[in-house]
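Me: I should like to examine the reasoning behind the terms applied to this protein. Please set each value against its criterion before drawing a conclusion.

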Amino acid sequence: MIESRLICGVRVDAVNYSGLAEQVIQWARRGESRMLCFSSVHMIMEAYDRPEYRRLLLSADVVTPDGMPLVWGLRLLGLRYATRVYGPDFSDYIARTAERENVPIALYGGSTETLRKLVEVLLHKYPRLKIAYAFAPPFRTLTAEERDSHIAAIRDSGAQIVLVGLGCPKQEQWMAEHRNKIPAVLLGVGAAFDFLAGVKKQAPRWMMAAGLEWLFRLMTEPRRLWLRYLAKNPRFVPVFLLQLLRTRVGGASGL
């Protein structure tokens, strides 16, 4: 059984790569429609500010601690064995596992060029991987006909795992809307498409381990990310510390 804690009102699950991959494969083989979110501090604060988004995350089957601050939060709330399960790394891990287990996958999101490069990278690393469907939707609101066409194409492809790279909060909204329409496990993996395709650089591992990935990304994409990292993320610390204080005073575990 997966242990969890509420962090700023959002359930975050203490999972690891191998255990989560095994669970995903089991769900996929049974054709179960599931929704997995890889949660950063940004997502937590979006959910803190927007009740409808918080309800969406709470409805997910699994919410992993994608960033180190959430790992530290879980540990402070009593789950001392908690580790990071990072969307880009898990995307690569599940691709390798899907190749070994002969489970077809789909890719939905990114730009056309990014998706082309991603398919090349994945098939170079995992030549027996079955990529049953890959599509980069246009950067606009889709018509009802287009949405239905995309869902039908994913269903008809036979994909049992769908990696969704639309970015927060769009990908979580997309997964929640289509979860029961696609008999597959939906993974909202954020910027994983860009990172795995080599379109964008990832932070050095030492910065990730120190919880400084946000600083690297802010320096590389200041215009796009300044609001996220300078307006929303800093609020996480006082909000969580207040929760932790209440937990310690009340003797609860944050569940």
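Me: Why is C8 called buried or exposed, whichever applies?

Reply: The model is a predicted one. In it C8 has a relative accessible area of 7%, and the term buried requires a value under 20%. C8 is therefore called buried.

Me: What makes the backbone of C8 noteworthy, and where does C8 lie?

Reply: Its phi is positive, about 55 degrees, although C8 is not a glycine. Most residues other than glycine have a negative phi, so a positive value deserves mention. C8 lies in the loop between strand 1 (4-7) and strand 2 (10-13).

Me: Which class of accessibility does N102 belong to, and why?

Reply: N102 has 45% relative accessibility. Buried means under 20% and exposed means over 50%, with partly exposed in between, so N102 counts as partly exposed. N102 also has a positive phi, of about 60 degrees, without being a glycine. Its place is in the loop between helix 5 (87-101) and strand 5 (105-109).

Me: How do you know whether the peptide bond from C168 to P169 is cis or trans?

Reply: The omega of this bond is near 0 degrees, and the bond is cis. Most peptide bonds are trans. P169 is found in the loop between strand 7 (161-165) and helix 8.

Me: What makes strand 4 covered on both faces?

Reply: Strand 4 comprises residues 62-65. On one side V62 and T64 are buried, and on the other V63 and P65 are buried as well. Each of these residues meets the criterion of under 20% relative accessible area, so both faces are covered.

Me: How do you know that strand 3 and strand 4 pair?

Reply: Pairing requires at least two bridges between the strands. Strand 3 (residues 34-39) is joined to strand 4 by 4 bridges, so the criterion is met. The two strands run parallel. F38 stands opposite T64, and S39 stands opposite P65.

Me: Which strand besides strand 4 is joined to strand 3, and how many bridges are there?

Reply: Strand 8 (residues 185-188) is joined to strand 3 by 4 bridges, and these strands run parallel. The threshold for pairing is at least two bridges, so strand 3 and strand 8 pair. One of the bridges has M35 as the partner of L186 in strand 8. Strand 3 is also mostly covered, with 5 of its 6 residues buried.

Me: Which residues of helix 4 are buried, and what follows the helix?

Reply: In helix 4 (residues 68-76), the buried residues are M68, L70, V71, G73 and L74. An α-helix has 3.6 residues a turn, so residues three or four places apart point the same way. After helix 4 comes G78, with a positive phi near 110 degrees.

Me: What makes a set of residues a nonpolar core, and which members of the largest one touch the most others?

Reply: A core consists of buried residues of the listed nonpolar types, joined through side-chain atoms within 4.5 Å. The largest such core has 43 residues, of which I7, V162, W174 and F236 touch the most other members. Helix 2 (residues 41-49) gives the largest share of this core, 5 residues. Apart from this core lies another, of 32 residues, among them V15, A21, W27 and F38. In soluble globular proteins, nonpolar side chains tend to be buried together.

Me: Which residues are in contact with W174, neighbours within four places in sequence aside?

Reply: They are Y108, I151, I154, V164, L166, I182 and L186. Contact here means heavy atoms within 4.5 Å.

Me: Why is one space called a cavity and another a pocket?

Reply: A 1.4 Å probe fits in a cavity but cannot get out, whereas a pocket is open. The whole structure has 1 cavity of 30 Å³ or more, and about 30 Å³ of space lies in the largest cavity. Its lining consists of S91, L107, L118, L122, L163, A192, F193 and L196, with 7 nonpolar, 1 polar and no charged residues. Helix 9 supplies the largest share, 3 residues. The second largest pocket has a volume of about 250 Å³. Of its 15 lining residues, L142, R147, K170, W174 and E177 are the closest to its centre. Its lining divides into 7 nonpolar, 4 polar and 4 charged residues.

Conventions: Residues are numbered from 1 along each chain as its sequence is written. This is a predicted model: local features need pLDDT of at least 70, side-chain atom pairs count only at pLDDT 80 or more; totals for chains, interfaces and linings use all residues. Side-chain values use heavy atoms; hydrogens and water are left out. On a 1 Å grid over the protein atoms alone, a cavity is a set of points where a 1.4 Å probe fits but cannot get out, and a pocket is an open set with protein on both sides within 12 Å along at least five of seven lines; lining residues have an atom within 4 Å of a point. Grid points are joined across faces, edges and corners, and a volume is the space filled by probe spheres set on the points. Ala, Val, Leu, Ile, Met, Phe, Trp, Tyr, Cys and Pro count as nonpolar, Asp, Glu, Lys and Arg as charged, and the others, Gly among them, as polar. Buried means under 20% relative accessible area, exposed over 50%, partly exposed in between (1.4 Å probe, protein chains only).
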